[in-house]
Structures are given as C-alpha cells and as structure tokens.
Amino acid sequence: MYTDPIADYLTRIRNANSAGHRVVEIPASNLKKDITKILFEQGYILSYKFEDDKVQGTIKIALKYDKFTKEPVIKNLKRVSTPGLRKYVGKDELPRVLNGLGIAVVSTSHGVMTSKQAQQESVGGEVLCYVY
C-alpha cells in the first residue's frame, strides 16, 4: 500500500524512462487516467490503453523517445503537491514551467487540466505535478 498514488504514478514513468522501457503498466484510478490523457494530448507519451479488470484495472503507457538520439521525451517529472503539504494556487498565480516549454498539471473544480487551460478558463486549483 502506498500513501501517494500520484507520486507512485510519476515514479513508475520516470523509472521506465531511465531504464529505456517502451511500455509501463500502472494501477488505474480516475485521476491517473486524466493525467495520462493530458500527457498524451501534450505529446509526452506515444499512446495509452486503459484495461479494466474486476478490481482496479491498469493503464498501459507507451513511452515516447527521440528518433535520432533515443533519449526520452519526458526529461523530468516533479510532484508539487504532496499529501503532507498541498499546493493550491489562484487563477492569477498559475505556474509556468520552463517559460512555457513544460506543463503544470492542475486539479481544478472543472477537472484536471494544464495550467494554460486553467488560465484560459480562469480557474485555480491544486498543482499536482510539473512535466518537461
């Protein structure tokens, strides 16, 4: 049993990236599914597949690598808000990661989205992680 499922999700992707794996399997939850969709839409992963079994289900993520250098597209994943210290921001304080080159995933009242989308919808929320 782990206490922070989002940190576990990010660590599994980080470890698979550093080991050069093509596919990583992660136990599913609705929040993890939303983060996976965002990573796919932003071009950080190649594809994903949700597999539902009787209990929890899994997410299979195909990781994306550069064609020529074989380096992973995801350079860094950083957990911002932890169970012990939540990080909430208002609509005017939404973070920019690497001057717009990375994304910040934010959980808002309108759902999970990037900080850029949250700024367009004029909502704040909990900053879950940075991806670049």
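Biologist: Why is Glu25 called partly exposed?

Modeller: Keep in mind that this is a predicted model. Glu25 has a relative accessible area of 44%. Buried means under 20% and exposed means over 50%, so a value of 44% puts Glu25 in between, as partly exposed.

Biologist: How do you know that Glu25 and Lys60 form a salt bridge?

Modeller: The N to O distance between their side chains is 3.7 Å. The cut-off is within 4 Å, so the pair at 3.7 Å qualifies. In general, side chains of opposite charge can pair when their charged atoms come close.

Biologist: Which parts of the chain does this pair tie together?

Modeller: Glu25 belongs to strand β1 (residues 23-27) and Lys60 to strand β3, so the salt bridge links parts that are 35 residues apart in sequence. Lys60 is partly exposed, with a relative accessible area of 27%.

Biologist: What makes Glu51 and Lys49 a salt bridge as well?

Modeller: Their closest N and O atoms are 3.8 Å apart, and since the limit is 4 Å, the pair passes. Glu51 is partly exposed at 27% relative accessibility, and Lys49 is partly exposed at 48%.

Biologist: How do you know that Glu71 and Lys75 belong on the list?

Modeller: Here the side chains meet at 3.5 Å, N to O, which is again within 4 Å. Lys75 counts as exposed because its relative accessibility of 57% is over 50%. Glu71, at 44%, counts as partly exposed. As for networks, salt bridges that share partners join Glu25, Lys49, Glu51 and Lys60 into one. By this rule, the count comes to eight salt bridges.

Biologist: Let's move to the domains. Where do they run along the chain?

Modeller: The domain assignment gives domain 1 as 5-63 and domain 2 as 77-131. Their C-alpha centres lie 19 Å apart. Twelve residues from domain 1 and 13 residues from domain 2 take part in the contact.

Biologist: How much area do domain 1 and domain 2 bury between them?

Modeller: About 1100 Å², with 77% of it on carbon and sulfur atoms. Leu10, Ile38 and Tyr44 supply 43% of the area that domain 1 buries against domain 2, more than any other three residues.

Biologist: How many salt bridges are there between domain 1 and domain 2?

Modeller: The count there is zero. Two residue pairs are in polar contact between the domains. On the domain 1 side, the elements that give two or more residues are α1 (5-19) and α2 (30-41). The residues of that side divide into nine nonpolar, one polar and two charged.

Biologist: Why is Ile103 called buried?

Modeller: Its relative accessible area is 8%, and buried means under 20%, so Ile103 qualifies. Ile103 sits in strand β6 (residues 103-108). Leaving aside neighbours within four places in sequence, Ile103 has contacts that include Ile38, Tyr44, Val97, Thr114 and Cys129.

Biologist: What makes Ser115 buried too?

Modeller: Ser115 has a relative accessible area of 10%, which is under the 20% cut-off, so it counts as buried. Ser115 lies in helix α3, and beyond its neighbours within four places in sequence it is in contact with Leu94, Pro95, Ala104 and Val106. The C-alpha atoms of Ile103 and Ser115 are 6.9 Å apart, with the two residues twelve residues apart along the chain.

Biologist: Is Gly100 buried, exposed or partly exposed?

Modeller: At 46% relative accessibility, Gly100 falls between 20% and 50%, so it is partly exposed. Gly100 is found in the loop between β5 (88-89) and β6. Its C-alpha lies 8.8 Å from that of Lys116, a residue 16 residues away in sequence.

Biologist: What is the phi value of Lys70?

Modeller: Phi is positive, about 60°, although Lys70 is not a glycine. Lys70 is found in the loop between β3 (58-63) and β4 (77-79). At 56% relative accessibility it is over the 50% line, so Lys70 counts as exposed.

Biologist: Why is Ser122 called partly exposed?

Modeller: Its relative accessibility is 39%, between 20% and 50%, so Ser122 is partly exposed. Ser122 lies in the loop between α3 (115-121) and β8 (125-131), and its phi is near 60°, a positive value in a residue other than glycine.

Conventions
Residues are numbered from 1 along each chain as its sequence is written. This is a predicted model: local features need pLDDT of at least 70, side-chain atom pairs count only at pLDDT 80 or more; totals for chains, interfaces and linings use all residues. Side-chain values use heavy atoms; hydrogens and water are left out. Domain bounds come from an automatic or database domain assignment. Contact means heavy atoms within 4.5 Å. Buried area is the accessible area (1.4 Å probe) that two parts lose on being put together, summed over both. A polar contact is a pair of N or O atoms within 3.5 Å; within protein, one must be able to donate a hydrogen and the other to accept it, and residues adjacent in sequence count only if both atoms are side-chain atoms. Helices (H or I, at least four residues) and strands (E, at least two) are DSSP runs, numbered from the N terminus. Ala, Val, Leu, Ile, Met, Phe, Trp, Tyr, Cys and Pro count as nonpolar, Asp, Glu, Lys and Arg as charged, and the others, Gly among them, as polar. Buried means under 20% relative accessible area, exposed over 50%, partly exposed in between (1.4 Å probe, protein chains only).
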